Amino acid sequence: MKTQITFLTVLFLSIFVLSAQNKPQEIVIIGTMHTVPKVVKNSYKPMLKFAKKYKPEAIYVEAPMANDSISWEYLKNGWSKGYKKFYQLSDSLQKSFNYNDSKFNATINKDFSKMNDDDLDYLIKSFIYKRDNGNYELYSYLKKYGINGAKTPTRHEDGDLTYKLALFMNHKRVINIDDQQTNKEYHTAWSKCSKEGVQNGNNAANSKLYKKNYNSAVFPAIFRGLGKHTNKRKSLQQLHDMASFRYVVKDTEGCKEGRKYFDERNMRIAKNISNEVIKSKKHRNIVIIGAAHVIGLEKEFKENYPNFKVILMNEY
């Protein structure tokens with residue numbers, strides 16, 4: 001009898017382990033609104049509730065990868081004042097900061113509640129030194145607001161969703177996956193497409209789509225439903241069409257160039273995420289990214305990484 005029980009127990013455990021091994025890695029994508037107006041300052045609360053319930057094993061954020069030298073070559077003098085300042089700090093600390101790997105690992109392995117200001121300062125400087133913007137922002141947020149996060153809405157995805165989720169899940173790191181290697185070319189193409197669209201109906205089509213997208217969001221926003229509305233497939237498609245110049249009635253050189261650079265950026269972001277997910281072997285992964293990228297990322301995953309189970313927030 002004991003032999004039979006042992007056999008059945010071993011068989012059950014073997015089946016369980018095999019089932020877990022064969023389970024596809026899951027990627028849930030949340031499309032964000034970046035910064036929201038004061039009138040809808042609580043828009044990220046329902047999104048945070050969803051993300052906490054999902055309990056991700058890894059959180060992927062729209063921040064440049066530390067080792068992406070091409071993106072940083074652009075960003076050090078690019079569109080973002082925040083990234084320019086961060087690059088200058090990083091460049092300075094790489095010449096002067098006495099980074100110690102053992103000290104870093106010992107410090108980051110402490111519980112969040114046990115980290116004092118000296119610990120947080122060391123981690124903040126370490127992430128600046130490593131040119132890791134996402135985690136520099138995470139530990140700066142922790143030092144400013146504490147382990148429970150900001151009491152009042154910051155009105156931004158990082159403060160109201162990403163970093164509150166990381167602290168709740170006790171994740172010591174978020175994972176940077178953005179790519180801005182051709183953002184300069186994209187913005188140039190955007191301006192070119194806009195100039196070309198004055199007479200051919202493209203700008204009018206864009207304006208019409210923008211108003212349609214905006215007007216449809218007004219009612220949901222009043223009742224804290226902006227996040228859910230933004231993540232409806234129809235809303236995501238409209239944002240994708242506007243950002244990738246698929247709204248045009250007459251294709252022009254500038255619009256084609258802009259579409260090319262936008263699609264290539266999504267392709268590289270999807271590759272960045274895929275590489276990290278495969279390397280980590282974690283099953284429950286959440287990607288928090290600007291809503292205009294969601295449809296493009298979903299397409300890239302389905303075409304090039306079919307082994308992943310990719311789910312949009314509203315379809316989970």
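These questions and answers walk through a predicted model.

Student: How many disulfides does the structure hold, and which residues are joined?
Tutor: The structure holds one disulfide. Its sulfur atoms lie 2.0 Å apart, and a pair counts when the distance is within 2.5 Å. The joined residues are C193 and C255.

Student: Which helices hold C193 and C255, and how many residues apart are they?
Tutor: The pair links distant parts of the chain. C193 belongs to helix α9 (residues 183-200). C255 belongs to helix α13 (residues 253-280), and the separation is 62 residues.

Student: Is the disulfide of C193 and C255 right-handed or left-handed?
Tutor: Look at the torsion about the S-S bond. For C193 and C255 that torsion is about 80 degrees, so the disulfide is right-handed.

Student: Is C193 buried or exposed? And C255?
Tutor: Buried means under 20% relative accessible area. C193 has a relative accessible area of 0%, so C193 is buried. C255 also comes out at 0%, and therefore counts as buried.

Student: What kind of aromatic pair do Y99 and F104 form?
Tutor: A search of the whole structure finds 26 aromatic pairs. In this one, the ring centres of Y99 and F104 are 5.8 Å apart and the planes meet at 50 degrees. Stacked needs under 30 degrees and edge-to-face over 60. The angle for Y99 and F104 falls in between, so the pair is tilted.

Student: What kind of pair do F301 and Y305 form?
Tutor: The centres of F301 and Y305 lie 6.2 Å apart. Their planes are at 65 degrees, and the edge-to-face class starts over 60. The pair of F301 and Y305 is edge-to-face.

Student: Which residue has its charged end over the ring of Y54? Which one lies over the face of Y122?
Tutor: Each distance is taken from the ring centre, with a cut-off of 6 Å. At Y54, the charged end is 4.2 Å from the centre and belongs to R284. At Y122, the distance is 4.2 Å and the residue is K103. Y122 is also part of a ring cluster that includes Y99, F104 and Y139.

Student: What span should helix α7 have, and what is found?
Tutor: Helix α7 (residues 133-145) has 13 residues. The expected span is 1.5 Å times one less than that number, so α7 should span 18 Å. Its end C-alpha atoms agree, at 18 Å.

Student: Which residue follows α7, and what is its phi?
Tutor: Within α7, the buried residues include N133, G134 and Y139. The helix is followed by G146. The phi of G146 is positive, near 85 degrees.

Student: How many residues are in the largest nonpolar core, and which helix gives the most to it?
Tutor: The largest nonpolar core has 52 residues. Those with the most contacts inside this core are I30, I59, Y139, L161 and I286. Beyond its sequence neighbours within four places, I286 touches residues including V28, I30, Y54 and I59. The helix that gives the most, with six residues, is α6 (residues 117-129).

Student: How many residues are in the second core?
Tutor: This core is separate, and its members include I27, I289, F308 and L312. Its size is 20 residues.

Student: What covers the buried residues of α12?
Tutor: Helix α12 (residues 233-243) has buried residues, among them L236, H240 and M242. The elements covering the buried residues of α12 include α9, α10, α11, α13, α14 and β5.

Terms used
Residues are numbered from 1 along each chain as its sequence is written. This is a predicted model: local features need pLDDT of at least 70, side-chain atom pairs count only at pLDDT 80 or more; totals for chains, interfaces and linings use all residues. Side-chain values use heavy atoms; hydrogens and water are left out. Helices (H or I, at least four residues) and strands (E, at least two) are DSSP runs, numbered from the N terminus. Buried means under 20% relative accessible area, exposed over 50%, partly exposed in between (1.4 Å probe, protein chains only). Rings of Phe, Tyr and Trp (its six-membered ring) pair if their centres lie within 6.5 Å; planes under 30 degrees apart count as stacked, over 60 as edge-to-face and the rest as tilted. A charge sits over a ring if NZ of Lys or CZ of Arg is within 6 Å of the ring centre and within 35 degrees of the ring normal. A nonpolar core is a set of buried Ala, Val, Leu, Ile, Met, Phe, Trp, Tyr and Cys residues joined through side-chain atoms within 4.5 Å. Contact means heavy atoms within 4.5 Å.
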